[in-house]
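Ready to find your way around a new protein? Work through the exercises below with the structure open beside you.

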Amino acid sequence: MKHRILTFSLVLFMATSVAQVAPKPYGVLPSKAQLNWHEMGMYCIIHFGVDTYTDKEWGFGDEDPAIVNPTRFDASQIVGAAKAGGFKGVVIVAKHHDGLCIWPTKTTTHNITQTKWKDGKGDMVKEYQLACEKLGMQMGLYCSPWDRNSPVYGKPEYISLYRAQIKELYSNYGPLFISWHDGANGGDGYYGGANEARKIDRSTYYGWDTTWAEIRKLQPGATIFGDVGPDVRWVGNEEGHAGLTSWATYTPEAPDAGNQPSNGYVKHWLGVEGTRNGKYWMPAECDVSLRPGWFYHKSQNGQVKSPYTLLDLYYKSVGRGANLDLGLSPNRDGVLDDEDVNSLKQFGEILKQTFAVNLAKGARLTASNIRGGKTAVFGPKLVTDADRYSYWATDDKVLTPSLTVELPVAKSFNVIRLRENIKLGQRIEAVEVDGLINGAWKKIAEATSVGANRLIRLPQTVTTNKIRLRITKSPVSIALSDFGLYKEPDHLTAPVISRDKTGMVTMETASPVNSIHYTLDGTVPNIKSPAYTQPFLLQDGGAVSAIATVDKQNSEAVKLQLEVSKTKWSIMPGAIGSHPEAVIDEQNNTLWSTLQADSTQQFKPESIAIDLGKVNTISSVSYLPRQDKILDGVVDTYTFYTSTDGQQWVEVASGEFSNIRANPINQVIKLKNAVSARYIKFTGRRVVKGNGVTAAEIGISM
Ligand code: FUL
């Protein structure tokens, strides 16, 4: 009996001492699938389908699958390009809103077997799976809940059909890292020939709880992405950045995939920052496309994001504890254009070069406090061992410790990396970093929220042998797993190109350069291209590309696609609403608005007519929605007209600005045939929200 009491108290003693040693987890914690997701940091999302051939962003659902024929489709080329960019996986859009399934599904005949590709015997999802396996990349799937082809969309039967699609996809294509569910839902479509609008209640129609439970059974290793989770939240923009402060935890207003804050949507979307001490572990995904649109459009060649633009987005997403999901758009042949491949490759190289060596490795690390004095278990050395889960911890009562990093010799760095062991929750709230400069401590950086990853990109390179990290705010003891110092390779910043209202083009650089070279024909400039010496006139628009050079080093090229200059344009009489002239002032931040203050007033279509001052040959027209992230008056159904006398109008384009709610970029509509006209008219026929029409700019290209 005595012996038993002794053993019992020994066990009790051991249990309490272990409990005292390891810090108690703080708040909600990530699941295993979420830990894998955090470790990935970056992946790509691949859009290919009928839209690739119709030149649209959203198909209506009535497209003939026979138009799809990617004769050179090569999943390895696409996945390989993502891998070269440093991405760890790819999400395949297996079905977009148009409903075409790019795998031979049994759930609908509207699938890959109806295409010309491989005589209808191919399976794109399978080919992606094999390419991923070969290249050591993880795979995820996107099967759009909104289906503009399905006759039963909007009815209860559709939900069983959707779940059957999920079941096929999640049973036959290996393990997935993410189950991706977009938030665009309901509206008009083909729906098996009904050609009507079908409204659904986003929060109840899909029965997400049941679908999610099925997904968890089929793919336990996958995180589930939706506008508001449940595992990964949408950051709230398609620009690729999270908030400067970004919490992995989040308390959505209602945890369903359809909830949106009611006023302003994106502007007031909390997903960008998350919620400190939120109810769920639900980190942000930042999705953005390598090109302006998600699908391939030849007209967007030359607008592929440059390696340094991608790098900037990397710091603003992955560097803020979120993940980057970059859109890739295979062309009609079924491969990525060289331009896209090259940008990815160069971006990957910059990342590799930057993060190859942690300059803090081998430094003498002195912590103001070590948990229980146990240097081997919780000492600061663990922050440079490249293990995301081994960590330096402090005693429970020590909330604002500091860590001094003494390098054997002075080093130059411009990136600082911090990580917490997130298995113990997101603990740290704020940090500051000092460098010993000329014998005195000088603050060189500060940040709020650390979490899985925090990269601080310094405005200048710092050279020193002594750095001090101060945790300035934490509600509990800390568990820091990583402290890194890195040097992003030196590079020359590209020139900034701008054009004023009179049509004069100017090129500027932040610091002095030897020369700037440019082209006007869309080709990439080099040192032999004409040198820029003074502003020049470019009223007809076109593509202006430029590089800067210093001592034989070239910057990357920038390209500005300019429309016809609006110098001589005027608004025709009769325009209603406020500031009609704003649509031709070449200022993206001003707007014309017919929104009515009286909220009982209903929306009605409104038009604005412009005199171009002379006859132009118009090959495309454009609408730039308001750029202030407010959705009121943003047009999603439009008509453009032209006229030679300002009285008789001919309709030249009409349709839908797909995805304008989530991605409010300039909407360029190529006319079927170029038109000679002096007058243009734009009509907003439907808006995503509000009781009037707004526009930042209306433009034309020759
Ligand atoms: C959105 C869709 O509406 C877009 O077309 C695109 O697929 C993007 C990634 O998600 O919800």
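Before you start: this is a predicted model, where local features need pLDDT of at least 70 and side-chain atom pairs count only at pLDDT 80 or more, while totals for chains, interfaces and linings use all residues. Residues are numbered from 1 along each chain as its sequence is written, and side-chain values use heavy atoms, with hydrogens and water left out.

**Exercise 1. Work out the strand order of the open sheet of 3 strands, and find its edges.**

Step 1: The order is 20-21-23, with antiparallel pairing. Strands here are DSSP runs of E with at least two residues, helices are runs of H or I with at least four, and both are numbered from the N terminus. Two strands pair if DSSP finds at least two bridges between them.

Step 2: Strand 20 (496-499) and strand 23 (536-537) each have a single partner strand, so they are the edges, and one side of each has no neighbour in the sheet.

Step 3: Now zoom in on strand 20 and strand 21 (residues 504-508), which pair over 4 bridges. Val496 sits opposite Glu508 there.

**Exercise 2. Find which domains and strands help line the second largest pocket.**

Step 1: The pocket's volume is about 930 Å³. A pocket is an open set of points on a 1 Å grid over the protein atoms alone, where a 1.4 Å probe fits, with protein on both sides within 12 Å along at least five of seven lines; lining residues have an atom within 4 Å of a point. The volume is the space filled by probe spheres set on the points, which are joined across faces, edges and corners.

Step 2: Of its 42 lining residues, Trp58, Ala184, Asn185, Gly186 and Arg661 are the closest to the centre.

Step 3: Domain 1 (34-355) and domain 4 (570-701) each give at least three lining residues; the domain bounds come from an automatic or database assignment. Strand 5 (187-189), strand 6 (196-198) and strand 32 (667-687) each supply at least two.

**Exercise 3. Describe the salt bridge between Asp188 and Arg148.**

Step 1: Look for a side-chain nitrogen of Lys or Arg within 4 Å of a carboxyl oxygen of Asp or Glu, which is the salt-bridge rule. This pair fits, at 3.0 Å from N to O.

Step 2: Asp188 is in strand 5 and Arg148 in the loop between strand 3 (138-143) and helix 6 (156-172), so the bridge ties together parts 40 residues apart in sequence.

Step 3: Check accessibility (buried is under 20% relative accessible area, exposed over 50%, partly exposed in between, with a 1.4 Å probe and protein chains only). Arg148 is buried at 0%, whereas Asp188 is partly exposed at 24%.
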